[in-house]
Structures are given as structure tokens and as C-alpha cells.
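I open these notebook entries with the strands and their pairing, and then turn to the core, the ligand and single residues.

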Amino acid sequence: MELALPEGVNYEDHDNGLRFVVVNHPCAAARVCLQGAQVTHFQPAQGPEVFWVSEAEPYEPGKAIRGGIPLCWPWFGAHPSDTAAPAHGLARDAMWTLQSVSRRVDGVTLVLQLPELNTPHIPTGVELQLQIDVGAELLLRLTTTNNGVSDFNFSQALHAYFNIADINLAQVSGLAGVQYDDSLLPQASGDQRALMDQLKFDAEVDRIYYPRRPLAVESPVCRVELITEGSGSAVIWNPWIEKSRRLSHFLAQDYQRMVCVETANCGRDSRTLVAGASHSLSVTYVVDGTGKI
Ligand SMILES: O=P(O)(O)OC[C@H]1O[C@@H](O)[C@H](O)[C@@H](O)[C@@H]1O
């Protein structure tokens with residue numbers, strides 16, 4: 001049965017069959033696709049559109065949506081052993097169930113659950129839930145619970161695509177002294193360490209950083225700070241020109257309009273959940289500015 005929704009929250013069905021939950025609250029507006037429990041729009045009152053979705057995105061059932069905040073789970077990137085398994089796990093293409101929606105004076109909270117998927121990659125008893133708080137700030141809390149009988153190894157990311165006005169003016173800050181693994185270098189290159197606090201973009205970037213304090217995505221007119229809990233890693237990614245050509249649902253100029261800063265447990269920060277344990281990965285996006293980043 002369809003969940004009844006409070007005032008200011010509605011279902012919207014895309015022509016291709018995907019269903020969205022649309023939130024219109026005095027504090028903020030948002031859209032969440034039930035496929036992937038993927039936020040595709042968030043705009044605080046008087047603030048900019050924070051997340052980017054490609055204009056080439058066709059919203060096809062069963063295909064990953066290029067933009068917003070895809071959920072990578074229960075593995076980030078390539079599967080550690082199964083080369084046939086899809087990149088970034090199984091959660092982003094799956095249909096989620098909307099469990100509850102509640103409205104308060106300061107925003108709306110949605111709770112979504114990943115139904116049991118018939119796959120050897122997710123042991124029986126391992127459950128995944130996403131809480132989304134839409135208000136002046138946006139919070140995502142992704143909770144993995146291991147009700148199974150053995151250890152569960154996993155990695156994950158809240159793969160946020162930020163909406164950038166001009167890549168030449170954008171930067172990510174909070175990186176001074178932070179260790180990182182550079183996916184574009186051979187593994188043998190070992191540890192790298194950021195010398196500068198800011199990372200600007202003029203070529204392909206694909207790195208796993210291990211930050212100790214909040215990162216921010218900034219432009220001269222807007223700053224979005226990422227306050228995280230349960231995360232010891234962050235992926236920073238821009239495909240630039242060459243890699244763009246190999247990406248689905250991505251226009252030639254799109255690398256100038258997006259930057260991914262992904263709140264994660266991946267690389268050296270991948271996790272093991274013993275039977276009976278649970279882990280929450282959370283991020284709050286705090287927007288300071290009225291213009292686009
Ligand atoms: O094309 P996908 O599967 O959505 O992945 C996009 C990118 O996601 C990033 O998180 C990875 O670091 C990149 O290596 C990858 O290309």
C-alpha cells in the first residue's frame with residue numbers, strides 16, 4: 001500500500017516509470033528518486049541548487065542516475081573479487097521502499113529501506129536504511145545493520161555531485177596535511193599527503209582522502225561544508241575531458257559544471273561489521289551563500 005504523505009510532500013512519476021518523492025517546505029525543496037533512494041535536488045530557501053544532475057540524464061529504470069547523491073553500497077568502485085559485479089555496488093540501481101515521512105516546522109524527514117535483494121553479495125540479515133532530513137541543511141544517514149551470523153565486509157560512499165557554476169573558480173578546502181591515495185597513480189606510489197589546504201581543478205582528479213576535519217566545496221559566492229559522522233574517507237572526483245567521453249549520461253562540457261566530494265568508508269577506511277553490529281555513515285551539508293557554488 002502507498003504511504004500517505006504529509007502536506008508539502010508528493011509523489012511524482014517520471015514518464016520512464018521512475019517515482020520521485022518531492023518535498024516543498026518553507027525551509028527547503030528536495031526530490032528523492034525511489035530508485036537508489038537518490039537525492040536529485042536540494043535547494044534551501046534563498047539558497048542555490050546544491051547538487052548537479054546531467055542534462056543528458058534519461059532517468060531509465062535499472063540504470064544509475066548521473067548526478068545528485070547516488071549511494072555506493074556495499075562496495076565502492078570495483079567489487080574486490082567479482083569482476084562481473086557492477087561498479088559502486090547494488091544499492092544505487094535498486095528500488096527502495098519509503099518507510100516513513102514526517103513533517104516538522106524545521107523540515108521533513110524521510111526514511112527509506114533497501115528491500116532484501118536476491119544476491120550472494122549481501123548475506124541474509126544485512127540491512128540498509130537511509131534517513132534524509134530536508135531543512136535549511138540536508139542530512140543523510142546511511143545505516144548498515146548486520147543481523148546475520150558472520151562478519152560483513154563492506155565499503156560505501158554518499159557520492160554527491162555538487163552543482164558548480166565555473167570549475168575554474170571552484171575548490172575543495174580542508175585538505176592541508178591530509179593523506180590520500182591517488183587512483184590515477186600506480187598503487188606502488190604509496191601514500192601521498194596534501195600540501196595545500198585547497199584543491200583546485202585543471203585536470204582529472206580521482207583520489208581517496210583521509211580527512212580529520214570537515215571538507216567544504218567553495219566558490220567566491222557560496223560555501224557548502226560537509227559535517228560527517230562515521231566517515232574516515234572522502235573521494236574527490238572530476239573526470240575532466242578524456243574520461244568524460246567514456247561516461248554514461250554525461251555531456252562534453254559537464255566536467256566544468258560538477259565536482260564530486262563523496263563522504264565515504266572506502267580504501268583504507270573500508271569497514272567490517274561483526275554479527276549483531278550496525279554502523280551509520282552520515283553527512284550534513286551546510287550551505288552558506290545564495291549563489292551557485
Ligand atoms: O561511472 P560511475 O560508475 O558512476 O563512477 C563514476 C566515478 O565515481 C567515482 O567515485 C570514482 O572515484 C571514479 O573512478 C568513477 O569514475
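**Entry 1. Strands 7, 8 and 9**

How many bridges join strand 7 to strand 8? I note beforehand that I am working on a predicted model. I looked up the pair and found 6 bridges between strand 7 (residues 107-113) and strand 8 (residues 126-134), with the two strands running antiparallel. For a register point I took Leu-110, whose bridge partner in strand 8 is Ile-132.

I then followed strand 8 to its pairing with strand 9 (residues 138-146), where the direction is again antiparallel and 9 bridges are present. Val-126 has Asn-146 of strand 9 as its bridge partner. The connection from strand 8 to strand 9 is a hairpin of 3 residues.

**Entry 2. The sheet of 9 strands**

I next asked in what order the strands of this open sheet lie. The order is 6-7-8-9-23-19-18-13-16, and the pairing is antiparallel. Strand 6 and strand 16 (198-200) are at the edges; each has a single partner strand, so one side of each lacks a neighbour in the sheet. From one strand to the next, the twist averages 15 degrees.

Within the order, I checked strand 19 (residues 223-229) against strand 23 (residues 278-288) and recorded 7 bridges in the antiparallel sense. One of the bridge pairs sets Glu-229 opposite Ser-282 of strand 23.

**Entry 3. The sheet of 4 strands**

I also looked up an open sheet of 4 strands, with the order 1-2-3-4 and antiparallel pairing. Which strands stand at its edges? They are strand 1 (9-13) and strand 4 (38-44); each has a single partner strand, so one side of each is left without a neighbour in the sheet. Here the twist averages 15 degrees from one strand to the next.

Strand 2 (residues 19-25) and strand 3 (residues 28-33) are joined by 6 bridges and pair in the antiparallel sense. Val-21 has Val-32 in strand 3 as its bridge partner.

**Entry 4. The nonpolar core**

I met Val-32 again when I looked up the largest nonpolar core, which has 76 residues. Val-32 is among those with the most contacts inside this core, together with Phe-51, Leu-158, Phe-162, Ile-236 and Val-261.

I chose Val-261 for a list of contacts, leaving aside neighbours within four places in sequence. Val-261 is in contact with Ala-160, Phe-162, Val-172, Leu-215, Val-217, Leu-226, Ala-234 and Ile-236. Two of these partners, Phe-162 and Ile-236, are themselves listed with the most contacts inside the core.

**Entry 5. The shell around the ligand**

Which residues are around the ligand? I recorded Ala-64, Ala-87, His-88, His-159, Ser-183, Asp-206, Val-235, Trp-237, Leu-247, Cys-260 and Glu-262. By class, the shell contains 6 nonpolar, 3 polar and 2 charged residues. Strand 20 (233-238) and strand 21 (258-265) each supply at least two residues of the shell.

**Entry 6. Backbone at Trp-73, Tyr-59 and Trp-240**

I looked up the peptide bond from Trp-73 to Pro-74 and found it to be cis, with omega near 0 degrees. Pro-74 lies in the loop between strand 5 (71-72) and strand 6 (97-104).

Tyr-59 is not a glycine, yet its phi is positive, at about 50 degrees. I located Tyr-59 in the loop between strand 4 and strand 5. Tyr-59 counts as partly exposed because it has 18 C-beta neighbours inside 10 Å.

Trp-240, also not a glycine, has a positive phi of about 55 degrees. I placed Trp-240 in helix 1 (residues 240-244). Trp-240 has 15 C-beta neighbours inside 10 Å and therefore counts as partly exposed.

**Entry 7. Pro-214**

Where is Pro-214 found? Its place is the loop between strand 17 (205-209) and strand 18 (215-218). Is Pro-214 buried or partly exposed? I recorded it as partly exposed, because 15 other C-beta atoms are within 10 Å.

Pro-214 and Gly-174 are separated by 40 residues in sequence, while their C-alpha atoms are 6.4 Å apart in space. Leaving aside neighbours within four places in sequence, I listed the contacts of Pro-214 as Gly-174, Glu-225, Leu-226, Ile-227 and Thr-228. Leu-226 also appears in the contact list of Val-261.

Terms used. Residues are numbered from 1 along each chain as its sequence is written. This is a predicted model: local features need pLDDT of at least 70, side-chain atom pairs count only at pLDDT 80 or more; totals for chains, interfaces and linings use all residues. A residue is near a molecule or strand if its C-beta atom, placed from the backbone, lies within 6 Å of it. Ala, Val, Leu, Ile, Met, Phe, Trp, Tyr, Cys and Pro count as nonpolar, Asp, Glu, Lys and Arg as charged, and the others, Gly among them, as polar. Two strands pair if DSSP finds at least two bridges between them. Axes are lines fitted to C-alpha atoms, for helices over the stretch in contact, and angles run from 0 to 180 degrees between N-to-C directions. A nonpolar core is a set of buried Ala, Val, Leu, Ile, Met, Phe, Trp, Tyr and Cys residues joined through C-beta atoms within 7 Å. A residue is buried if 20 or more other C-beta atoms lie within 10 Å of its own, exposed if 12 or fewer, and partly exposed in between; C-beta atoms are placed from the backbone. Two residues are in contact if their C-beta atoms, placed from the backbone, lie within 7 Å.
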